[in-house]
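This report goes through selected features of a multi-chain model, from an annotated span to strand pairing and a chain interface.

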Amino acid sequence: MALQSLDIVRRSATTTPSPQAREAHAGEVAKLIDVTKCIGCKACQVACMEWNDLRDEIGSCTGHYDNPADLSEHSWTLMRFSEHETAAGDLEWLIRKDGCMHCADPGCLKACPAPGAIVQYANGIVDFHEENCIGCGYCVTGCPFNVPRISKRDHKAYKCTLCSDRVAVGLEPACVKTCPTGAIVFGTKDDMKQHAAERIEDLKSRGFEHAGLYDPAGVGGTHVMYVLHHADQPQLYANLPAEPKISAMVGLWKGMSKPLALLAIAATAFAGFLHYIGIGPNEVDEDDEAAARREMEETR
Amino acid sequence: MTNHWVDIKNADLVLIMGGNAAEAHPCGFKWVTEAKAHNKAKLIVVDPRFTRSASVADVYAPIRPGTDIVFLGGLIAYLLANDKIQREYVVNYTDLSFIVKDAFTFEQGLYSGYNADKRSYDKSSWDYELGDDGYVRTDPTLADPRCVYSLLKQHYARYTPDMVERVCGTPKDKVLHIWELIASTAVPTRAMTIMYALGWTQHSIGSQMIRTGAMVQLLLGNIGIAGGGMNALRGHSNIQGLTDLGLMSNLLPGYMTLPNEAEQDYDKYIAARAQKPLRPNQLSYWQNYGKFFVSFMKAWWGDAATAENHWGYDYLPKLDKPYDMLQTFELMSQGKVNGYICQGFNPLAAAPNKAKMDASLAKLKFLVIMDPLATETSEFWRNAGVHNDVDPAKIQTEVFRLPTTCFAEEDGSLTNSSRWLQWHWKGANPPGEARSDLEIMAGLFTRLRKAYREEGGAFPDPILNLAWKYAHADSPAPEELAREYSGSALKDLADPKDSTKVVRKAGEQLAGFAELRDDGSTSSGCWIFCGAWGPTGNLMARRDSSDPTGIGQTINWAWSWPANRRVLYNRASCDPSGKPFNPERKLVGWNGSAWGGADIPDFKADENPAGGMGPFIMNPEGVARFFARGAMAEGPFPEHYEPFETPLGRNLLNPDQPQAISNPAARVFKDDREAFGKAEQFPHVATTYRLTEHFHYWTKHVRLNAILQPEQFVEIGEALAKEVGVENGGRVKVSSNRGHIVAVAMVTKRIKALTIDGRTVHTVGIPIHWGFTGVAKAGFLANSLTPVVGDGNSQTPEFKSFLVKVEKA
Amino acid sequence: MTDLTRRQFLKVTGATLVGSSLGLLGFSPAPALAEVREFKLSRATETRNTCPYCSVACGVLMYGLGDRAKNAQASIFHIEGDPDHPVNRGTLCPKGAALIDFIHSDSRLKYPEYRAPGSDRWERIGWDDALNRIAKLMKQDRDANFVAKNAQGQTVNRWLTTGMLAASASSNEVGYLTHKVARSLGLLAFDNQARV
């Protein structure tokens, strides 16, 4: 399943239609993370860094098992640990592998103003092409799961690719392959849903009456899904959103601002060209950008 | 392991106690998740901490460190009282019906024969009663008050659920719930596996904890069956292999033992180990000891090992006492050791009481390090600030540091905890001038041999005569050594049944240890590995993963000792007539003329079950022992003794006998005893352990792992944090009577204060992975805190339960 | 719809337009490069090995530079689990998955080194020098302290003043040879990690 331009079904900030001829006839792919089987060993974090030739900083201990402390341009996935006491007084250590959910309706892609910086493949993978990224951070705002991270070094956005390079040659993602307990599995989305159904049945037989699948409709479903013991309370798992939706700001950009912007393009293009060849690519001033982001978040 | 990793998928119930498989052996733990997902198995975790294993358990119960015998002893009492035992199994395959000598007694925590001055027992009363025929007297009805069953019941009657709650701190309802689940496997159709590791071994009563677990498994009929067994997870990649090969003070390869200095007579040495059956028609396989021993001596000393010199018996050093690590460091601290060689071992980090280690190493004249990495031991003389505050100028030890290859840079085999010998292949050259350990050992040996040949010296014979027929004397090839430890015929071997036939030609590799002889015509460096490199080649390199029965045996993958057998004692998976107890999970069975099935039978292949031969063929009884006879230092039945640093100061099971507070038969050196702390000054119970992100003191040199757990921390419960006034992420000083560490405090709900005998006892969790070399943040060696006292039998240090004081730093 | 501040409006419509407009005019290289990363193992040499850490003994596949041609110096650049292995079935834990950083650790020792009595530093020495001097020290100690007979006159042939710890992560072949050498010298203070 090679992935090249013909497999791209959506492309950020691009008005010309993407090629539509090719489809995922054998099924879209999905990664299923069974939180109830996860032991939080972080092998997935290592496999991710190792395969993608990334190394995060050697940080410090802040009183938590979450290391590194957050996603970054080097950590495209990480485990988030939550200690939860049930009503019966039993302790549960809920450990969720965080990372890109590969939404069917990707807020990051919709929000992205850089042409071709974010693409969606026919098989469901949402991928970033950093060479096109302008570092504006709108993907961060657009993401209902707070996943993309902007590198301080190169001002590019980074996130999990679902190992598009491995999937392209017919392999499973690195995190999936390494997972010691089989908490992460990979296959077609249909197969993953069926696997999840079997797991949920087993969990219900063990007394987890609210066990269920997390495949949120608000983003059109996802290509990374969770099996949860407490599907009725996703927020227990390090604030997994109960009903994720694409930010209102992205709707705004798509609805009103983008046509305005496109109208303005003719006027700015020539100036921009001169700016580009004279000074280099434009970059958003960091303070201005941070202020804008704060205001956006306040409006959510 | 009696069983193997994949076999865990056959379990109906998994008990993880004294270990943390999810954390320390994640890829093996996969088979627990498989048993849960596909066999509807339940997982029970009993541990002082709510671990990563506990996070996916069906039932978790806390326990005070070091009190596992109370929990398990109570379970034995519960199984016996409620008749939740697999009767056909225990009556036929264990010693429950055997009569014990009248002189054997147990009172107030002490067995008959105790000598308080020597801290050891005269074990002569710890034995079965023999009849006039020389065989053990038995009572198959189990009614005799002196039979093992009666004594067992009597012994554990004190271990009531209330006592368990009082000593262990485990809530009684949890205890009873777990016992009930475990009791459900007493039927032949249900199997439980027990998985344990250092959480049981690293106690002054560690070996007895393991025995108690094994006794539970025997009562339930869970030994020898698919999905059952006593499964030691084990540590390093070849810790099994090095133990199998006898690299311990008192061992020879294949669990043969070095002679004691009193054993001056070769024939008596052999006879003491080649025990005659204690019941009629038992195999008592150690009767072949002489064949194993002679073949071993031929492998090492070749033509110089002759019948006349008792195969070179004098070449072997004779013991006056065991020289385990703790004993050796004690001698070193007294200045009685001059030279020390550490091959891939970092004792400054790994041994108890770092201060003693530092002082001891400084008394050496020379220290040789062979390692791929820059260990703390190699730099014990370097001042690393608070983490190693020494003065190099005052340390006169010469240190040699020799760089070695790592796994990726060499060929060879490793033996895993399933007893599989697996061959691996080199992928690249080592960095710089690093050399393999084989080259280094050979380089040292050939130099020593040359010097002894040319200059003479103390008893040069075993050095000069050591068989060294390697193509390159300075660099023996792994293949040559594998062929040597597996074994070959030295002469044409005649068929014992027909002397005109030759079964093996001289020089041919042997197929297995059944071909070994005691007349010097065979050679095998390690009898239990015999056949690993057989007449058809290197079986350790086999890669056929097919599993025709679906039971997970893969018997054509690599090679397993003994005899490629995957589940030990598998004869016991069948009833006395040879039919599998559980036909759904058949390992072996009797077909009327032979034994066979999915595994290599652990039995005489053509032995008709009607003859009554027992399945525990290494024991002269032919059955498994509840009553250990003289095999254990502290008694035939496991008894609870407190850790040497006890938060209680007394043993609630034997409150009136001060000699029985802690293990009465454990060896304690004077200086180490003086370094013990008391609960008044050090009120908190500490336990050290490993995290899944790291491997011992090794992966702090590995950047990816340093990223995952960069900095030293200790785990404390919320109540203790409040008491000492520290917030999560703050820093604490943890002190014992031997030293201190300072680390980040991780305040967690996963460690709870326990109520022990009406008092609150806090547990402090101390992960061990940091030190003063590597890429992770520098930290204190956790063994700055730990006491020097070992298990009474194995001398494994008591790292799992000792006393500290936690303060805000 | 949420209210839009002036700054937000500018943010959304203005500051980012440069990229968009340049893209539409064909200055962005995006369409040409919008393909996934090349699969990095396509022609790498695969070698089978066993993880050196715990006793599960997971099978690993090591991927090395070059195709074993004479002029190519192999160097491992990636390791993942062996899917054929019956126990790990391709999986690896966080330690096994990180093996590449062990092989290439900054802490790997490359040359024999010597620390003189009282010194606070290492000095590099040659292999022959190191082995000759160690062998000499061992022989001196053995000859001076070897016990052929104990006080009772029993033959004991032991050497107690030098000891050795062997590595439980070394191969059976290394362990076997190490034992053979150590016992032939009469060592009893001999142990491995089995106790810790």
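For residues 687-802 of chain B, UniProt lists "domain: Molybdopterin dinucleotide-binding", in an unreviewed entry. The model discussed here is predicted. Within it, the C-alpha atoms at the two ends of residues 687-802 of chain B are 7 Å apart. Helix makes up 11% of this span and strand 29%.

**Strand 14 of chain B**

Strand 14 of chain B covers residues 398-403, and 5 of its 6 residues are buried, so the strand is largely enclosed by the rest of the structure. Strand 14 of chain B pairs with strand 13 of chain B (residues 366-371) in the parallel sense, over 6 bridges. In this pairing B:Val368 has B:Phe400 as its bridge partner in strand 14 of chain B.

Strand 14 of chain B is also joined to chain C: 3 bridges link it to strand 4 of chain C (residues 113-115), and the two strands run antiparallel. Opposite B:Arg401 stands C:Glu113 of strand 4 of chain C. B:Val399 has C:Arg115 as its bridge partner in that strand.

**The interface of chains B and C**

Contacts between the two chains involve 135 residues of chain B and 102 residues of chain C. On the chain B side, helix 17 (residues 437-455) supplies the largest share, 9 residues. By residue class, the side of chain B that touches chain C consists of 73 nonpolar, 43 polar and 19 charged residues.

**A sheet in chain C**

Chain C contains an open sheet of 3 strands in the order 1-2-3, with antiparallel pairing. Strand 1 (45-50) and strand 3 (76-81) of chain C are the edges; each has a single partner strand, so one side of each lacks a neighbour in the sheet. On average, neighbouring strands of this sheet are turned by 30 degrees against each other, direction ignored. Strand 2 of chain C (residues 59-64) is joined to strand 3 of chain C by 5 bridges. C:Met62 stands opposite C:Ile79 in strand 3 of chain C.

The strand pairs described above are listed here.

| Strand pair | Sense | Bridges |
|---|---|---|
| Strand 13 and strand 14 of chain B | parallel | 6 bridges |
| Strand 14 of chain B and strand 4 of chain C | antiparallel | 3 bridges |
| Strand 2 and strand 3 of chain C | antiparallel | 5 bridges |

**Chain A**

Chain A has 8 helices and 11 strands. Of its 300 residues, 52% count as buried. Among contacts in chain A between residues at least 6 apart in sequence, 64% join residues at least 24 apart.

Note on methods:
Residues numbered from 1 in each chain as written. Chains lettered and ligands numbered in written order. Predicted model: local features only at pLDDT ≥ 70, side-chain atom pairs only at ≥ 80, totals over all residues. UniProt positions renumbered as here; feature names shortened; annotations may be inferred. Helix = DSSP H or I, 4+ residues; strand = E, 2+ residues; numbered from the N terminus. Pairing = 2+ DSSP bridges. Axes fitted to C-alpha atoms, helices over the stretch in contact; angles between N-to-C directions. Buried ≥ 20, exposed ≤ 12 C-beta atoms within 10 Å, placed from the backbone. Contact = placed C-beta atoms within 7 Å. Nonpolar A, V, L, I, M, F, W, Y, C, P; charged D, E, K, R; others polar.
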